Amino acid sequence: MKYYIAFFVVFCGFGSISTQAQDLRLHVRNHEKEDLPFAYIYVNGSAVAITDSTGRATLSTEKIQEGDTIKAICVGTEPAQVVYTAKLRKQGEYRFSLKEHFTVLTAETVTVTAPANEKRLFQKYFRKVPFINYDAKLTADFSMHIQNTARNARISGKLEAGNRLSSPDPNPYFSSPYAFFNNQYQLTTANDTSQLNPIIHHQLHLGLDCIHSVIGYIAQGQLGPYNPRYRYLGEEHDEHVFRIVYPDIAPQSGGVSYQILVKLNRDTGHIRRIEFNIFNKGFQGEFQINADFVEYQNQKPRLNTVLIPSRVNYWANYTQSKQKVQFTLSNIQVVYHRWKQAKNDLL
């Protein structure tokens with residue numbers, strides 16, 4: 001009997017070790033039980049994996065512990081998460097079900113058995129309108145929330161920004177002098193924000209320049225040597241909705257992926273809205289930006305029709321620095337502006 005008990009304890013011990021070493025298999029699907037390829041997997045807010053073309057990914061249990069939160073994200077769906085428990089560790093697998101915001105179509109409009117068909121459908125519906133591409137001034141109402149270990153600040157006020165094609169005095173808080181709306185911003189707020197200016201200005205520039213870049217990705221249909229994957233999600237009111245994914249654009253840096261949801265006006269083919277997520281293992285955090293667009297034509301002087309943002313929502317969670325930034329731009333106005341030649345004349 002003692003031998004049996006000892007054997008049972010040793011056997012269970014080995015079984016426990018074997019279970020601990022078992023990888024966790026994940027399968028991400030939507031609520032229609034369709035695979036979600038290239039969905040993002042986060043553990044405690046850090047980017048760890050991207051699902052493959054079948055919506056599957058595997059996490060090494062050496063990198064997760066009981067109590068960790070595992071989240072699946074795919075643009076155009078409701079994120080889902082689960083806490084890694086002893087039970088889940090023993091099961092060795094978990095299936096996420098993400099609710100789509102839009103109705104997934106079948107063969108009514110397109111036979112979706114081949115990605116090339118959906119790419120052709122996007123090209124059929126899409127009509128290019130350039131984003132703002134001349135000297136201009138942007139004004140907007142803005143609100144921002146900054147959370148980190150040192151502060152929990154809420155700022156609101158007015159924003160003025162300059163889009164200057166040849167800027168003699170670029171924004172000191174943003175690395176590239178060629179960034180969209182590249183001059184230093186002028187902020188009007190009720191409170192003193194001087195100590196927060198590096199964060200405020202950098203995040204505002206990052207958000208505005210990002211939506212400018214995304215419009216370019218959509219219009220070009222290519223990012224360097226990388227080609228996107230298209231998924232037609234259906235119609236909402238008078239808009240065609242597509243999910244566009246660049247699954248792996250920087251494999252040498254550990255993994256970078258872009259997810260873009262785009263709404264096209266059914267009659268004109270012009271972009272009405274984008275939702276953009278970035279997966280970046282080097283970034284170690286979550287990032288999302290959403291923007292609505294309207295068409296604008298300056299009359300005096302008469303310039304070409306362009307897209308301008310009418311509302312921007314931005315959210316970033318920096319895991320390593322334990323900082324969260326969220327801002328909204330509303331009541332946006334963009335008009336042609338003729339700059340004076342004085343070097344220090346920003347706006």
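1. Two strands count as paired if DSSP finds at least two bridges between them. The model discussed here is predicted. In it, strand 9 (residues 152-163) and strand 10 pair in the antiparallel sense, over four bridges. Leu159 stands opposite Leu187 in strand 10.

2. That pair belongs to a wider sheet. The sheet is open and has 10 strands, with antiparallel pairing. Its strand order reads 10-9-8-17-16-15-14-13-12-11. Strand 10 (186-189) forms one edge and strand 11 (229-236) the other. Each of these edge strands pairs on one side only. From one strand to the next, the twist averages 15°.

3. Helix 4 (residues 197-220) packs on this sheet. The strands touched by helix 4 include strand 8 (136-147), strand 9 and strand 10. Helix 4 also touches strand 12 (239-246), strand 13 (256-265) and strand 14 (271-280). Strand 15 (285-296), strand 16 (306-318) and strand 17 (323-336) complete the list. The direction of helix 4 makes about 125° with that of strand 16.

4. Next, internal space. Rolling a probe the size of a water molecule over the atoms shows where empty space is left. How many cavities of 30 Å³ or more does a search of the whole structure find? The search finds one. The largest cavity holds about 30 Å³ of space.

5. Which residues line the largest cavity? Phe126, Arg127, Lys128 and Val129 are among them. Ile215, Ala219, His270, Ile271 and Leu307 also belong to the lining. By class, the lining has six nonpolar residues, one polar and two charged.

Terms used
Residues numbered from 1 in each chain as written. Predicted model: local features only at pLDDT ≥ 70, side-chain atom pairs only at ≥ 80, totals over all residues. Heavy atoms only, no water. Helix = DSSP H or I, 4+ residues; strand = E, 2+ residues; numbered from the N terminus. Axes fitted to C-alpha atoms, helices over the stretch in contact; angles between N-to-C directions. Contact = heavy atoms within 4.5 Å. 1 Å grid on protein atoms, 1.4 Å probe; cavity = no way out; pocket = protein on both sides within 12 Å on 5 of 7 lines; lining within 4 Å. Points joined across faces, edges and corners; volume = space filled by probe spheres on them. Nonpolar A, V, L, I, M, F, W, Y, C, P; charged D, E, K, R; others polar.
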